[in-house]
Amino acid sequence: MTKPSLPELLHAAVTAVGGVERPGQASMAEAVAGVIDDSSHLLVQAGTGTGKSLGYLVPALAHGERVVVATATLALQRQLVERDLPRMVDALHPLLRRRPEFAMLKGRSNYLCLHRLHEGAPQDEEEGLFDQFEAAAPTSKLGQDLLRMRDWADETETGDRDDLTPGVSDRAWSQVSVSSRECLGASKCAYGAECFAEMARERAKLADVVVTNHALLAIDAIEGAPVLPQHEVLIVDEAHELVSRVTGVATGELTPGQVNRAVRRAAKLVNEKAADALQTASEGFERVMELALPGRLETVPEDLGYALMALRDAARTVISAMGSTRDKSVQDEDAVRKQALASVESIHAVAERITHGSEYDVVWYERHDRFGASLRVAPLSVSGLLREKLFTERSVVLTSATLKLGGDFNGVGASLGLAPEGTGGEDVPQWKGLDVGSPFDYPKQGILYVARHLATPGREGSRGDMMDELAELVEAAGGRTLGLFSSMRAAQAAAEELRGRLDNPILLQGEETLGELIKNFAADPQTCLFGTLSLWQGVDVPGPSCQLVVMDRIPFPRPDDPLMSARQKAVEEAGGNGFMAVAATHAALLMAQGAGRLVRATGDRGVVAVLDPRLANARYGSYLRASLPDFWYTTDRNQARRSLAAIDAASKAAGV
């Protein structure tokens with residue numbers, strides 16, 4: 001039997017999922033197959049509606065080597081494992097004459113821990129060592145959730161938190177899960193043979209396709225201890241999120257509360273001298289943190305330096321002493337010791353990292369109203385790490401609807417550690433960029449309106465002219481508005497103002513769960529939804545409920561963001577343009593994602609309105625506009641209103 005061609009396989013897969021074959025999808029599949037064959041790398045931009053998951057899965061399955069697919073969001077992970085892959089495997093089985101296996105793999109804390117469920121969580125001293133099921137009153141929400149999880153443990157096959165419906169709070173879940181550092185290990189655990197996390201890892205070892213998330217991919221790269229099975233092909237979907245997710249995993253944090261918990265956990269397990277030294281160091285650190293002012297620490301202040309060295313040394317002593325003492329009052333000693341060790345090791349690692357000091361790290365204080373001060377350390381750049389750990393020994397495909405900024409892929413490529421496209425060299429990963437376009441006719445389906453006449457937004461203060469403009473646009477659209485704001489304060493102010501001016505219901509992020517808000521927004525065309533960051537990329541509402549997307553201003557990083565400003569300064573010191581490389585790239589990605597909320601289906605029509613004149617007037621405006629979908633462009637406010645009113649009238653005539 002002759003080997004089936006890629007177009008044959010793609011046709012079978014598209015038919016199986018009830019989709020439509022798209023030229024962009026076919027181009028993508030050919031390109032993915034090509035880079036897998038020649039062990040190179042691909043950055044591919046595929047607009048909404050292209051069917052990009054099939055565009056990469058079909059050539060990957062056809063190749064026959066093990067593939068890891070990493071996504072940023074849980075929604076896409078579930079779509080791949082519950083919808084796309086089962087149908088594709090069924091459709092391709094007769095053609096490939098084999099049945100590819102697939103599995104989902106997450107971090108250990110996403111799975112129910114049977115040891116913690118049955119033996120109880122080791123509690124901090126102030127709460128006493130108790131059985132959490134007895135202590136949480138069955139009538140309380142926490143008690144009810146814990147009892148429900150105990151029943152669920154007997155019937156679930158996966159132990160995966162996301163398979164528990166309805167879900168439970170982080171607090172409830174933390175009572176029945178462990179981090180990888182707290183885990184006893186399958187060989188030492190009484191429940192090792194039934195462990196859900198271990199079973200997930202075993203399934204992944206046998207699978208042809210392993211679906212995971214960016215965070216686990218980052219842990220696999222950073223920590224050196226392999227979490228993912230060996231694989232020949234890596235596909236990173238939602239790749240515009242990768243740098244921020246890897247940065248998040250590589251960021252360390254120290255807070256007085258965290259240090260106090262570690263002291264309490266370790267106290268019963270080490271000799272008095274070691275425990276006292278950690279307690280004293282903890283108190284010294286807490287005194288310094290009481291005076292901490294938010295902002296970057298270009299050099300570590302002397303008092304903080306002494307406090308961190310004391311903390312580091314005391315933590316090291318406790319780690320060495322752990323295990324030499326046995327306290328008869330401690331039940332389930334192995335689990336208690338493992339939890340205490342994990343919390344002390346975490347403190348030692350961060351204190352050592354900041355004390356050691358690296359020109360490649362950024363250190364800063366943060367202050368939260370609820371949680372007090374924290375000390376944070378993050379890598380100045382993750383590009384070197386990604387180049388070294390991601391692009392060796394495997395083909396990598398990175399895909400998203402937004403990877404091409406200002407007309408090329410080099411900006412995103414640089415953040416991933418890649419030299420400009422086409423650059424040669426022995427140790428330089430070879431890659432190419434491909435934009436397969438979109439099935440949507442953006443110039444006919446959408447208008448980009450920039451409110452050029454408005455005042456340039458300042459850092460603080462009300463924007464009366466912007467509020468007037470927003471109210472007029474929403475009124476012209478008949479509601480149907482997704483408002484994307486650069487801060488929660490701006491979203492709240494706009495919601496308050498428009499609730500007083502208009503009859504349209506205004507939903508505000510934070511007043512309900514995100515899922516509930518999006519459901520209510522989609523259900524009623526007259527409704528508006530206002531919010532901040534997660535709405536810029538998390539909303540998929542095709543049809544007449546979303547015909548106006550408003551951005552209040554260009555979403556540059558805040559000037560006082562320690563990490564972004566440090567990255568910008570580093571680019572400038574190396575002779576580059578820090579503003580364009582960091583701030584403008586950040587804004588372009590977000591704006592491209594935000595503008596992508598408007599057209600989600602071939603019948604969608606509408607306006608993206610940017611209420612920041614800099615998009616039309618500033619020199620960098622053309623770079624940002626080139627990063628957006630190719631909408632028809634205008635700065636004429638009357639044109640925008642007329643178009644919105646006409647689209648609204650057409651929707652009402654159609655009964656929606």
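How exposed is R148, in terms of relative accessible area? I looked this up before anything else. R148 is partly exposed, with a relative accessible area of 25%. The model I am reading is predicted, so I keep an eye on confidence as well.

**Entry 1: R148 and its partner**

I searched for the salt-bridge partner of R148 and found D145. The closest N and O atoms of the two are 3.5 Å apart. Both sit in helix α7, which covers residues 141-155. They are 3 residues apart there, so about one helical turn separates them. I then checked D145 for exposure. D145 has 4% relative accessibility and counts as buried. The cut-off for buried is under 20%.

**Entry 2: confidence**

I looked up how far to trust the model. The protein averages a pLDDT of 89. I noted that 94% of the residues score at least 70. Residues 124-131 are a weak spot, with pLDDT below 50. This stretch has 13 contacts in the model beyond near neighbours in sequence. Where pLDDT is low, the predicted coordinates should not be read in detail.

**Entry 3: the whole protein**

I counted elements next. The protein has 27 helices and 18 strands. Is its radius of gyration what a compact globule would have, or not? For 656 residues, a compact globule would have a radius of gyration near 26 Å. The protein has 27 Å, which agrees. The C-alpha atoms fill a box of roughly 80 × 70 × 60 Å along the principal axes.

I also looked at burial and surface. Of the 656 residues, 51% count as buried. The accessible surface comes to about 29,600 Å². Carbon and sulfur atoms hold 49% of that surface. Then I checked contacts with a separation of 6 or more. Residues 24 or more positions apart account for 77% of these contacts.

**Entry 4: the two sides of α21**

I picked helix α21, residues 514-523, for a closer look. Which of its residues are buried? I found L517, I518 and F521. They cover an arc of only 95 degrees around the axis, so they lie on the same side of α21. On the other side, G515, K519 and A523 are exposed.

What do the buried residues of α21 pack against? I noted three strands by name: β13 (481-484), β14 (506-508) and β15 (528-531). Helix α22 (533-538) is also on the list.

**Entry 5: salt bridges from α19**

The structure holds 34 salt bridges. I followed two that start in helix α19.

D468 pairs with R501, and the closest N and O atoms are 2.7 Å apart. D468 lies in α19 (residues 464-477) and R501 in α20 (residues 488-501), so the pair ties together parts 33 residues apart in sequence. D468 is partly exposed at 35% relative accessible area. R501 is partly exposed too, at 37%.

E472 pairs with R641, with the closest N and O atoms 2.7 Å apart. E472 lies in α19 and R641 in α27 (residues 637-653), so this pair ties together parts 169 residues apart in sequence. E472 counts as partly exposed, with 32% relative accessibility. R641 is buried, with a relative accessible area of 14%.

**Entry 6: a network**

Last, I looked for salt bridges that join up. R312, D313, R316 and E352 are linked in a network of them.

Notes:
Residues are numbered from 1 along each chain as its sequence is written. This is a predicted model: local features need pLDDT of at least 70, side-chain atom pairs count only at pLDDT 80 or more; totals for chains, interfaces and linings use all residues. Side-chain values use heavy atoms; hydrogens and water are left out. pLDDT is the predictor's confidence in each residue, from 0 to 100. Contact means heavy atoms within 4.5 Å. Buried means under 20% relative accessible area, exposed over 50%, partly exposed in between (1.4 Å probe, protein chains only). Helices (H or I, at least four residues) and strands (E, at least two) are DSSP runs, numbered from the N terminus. The arc is that of the directions from the helix axis to the C-beta atoms. The radius of gyration is taken over C-alpha atoms; the globule rule is 2.2 Å times the number of residues to the power 0.38. Accessible areas come from the Shrake-Rupley method with a 1.4 Å probe; for residues, only the protein chains shown count as cover. A salt bridge is a side-chain nitrogen of Lys or Arg within 4 Å of a carboxyl oxygen of Asp or Glu.
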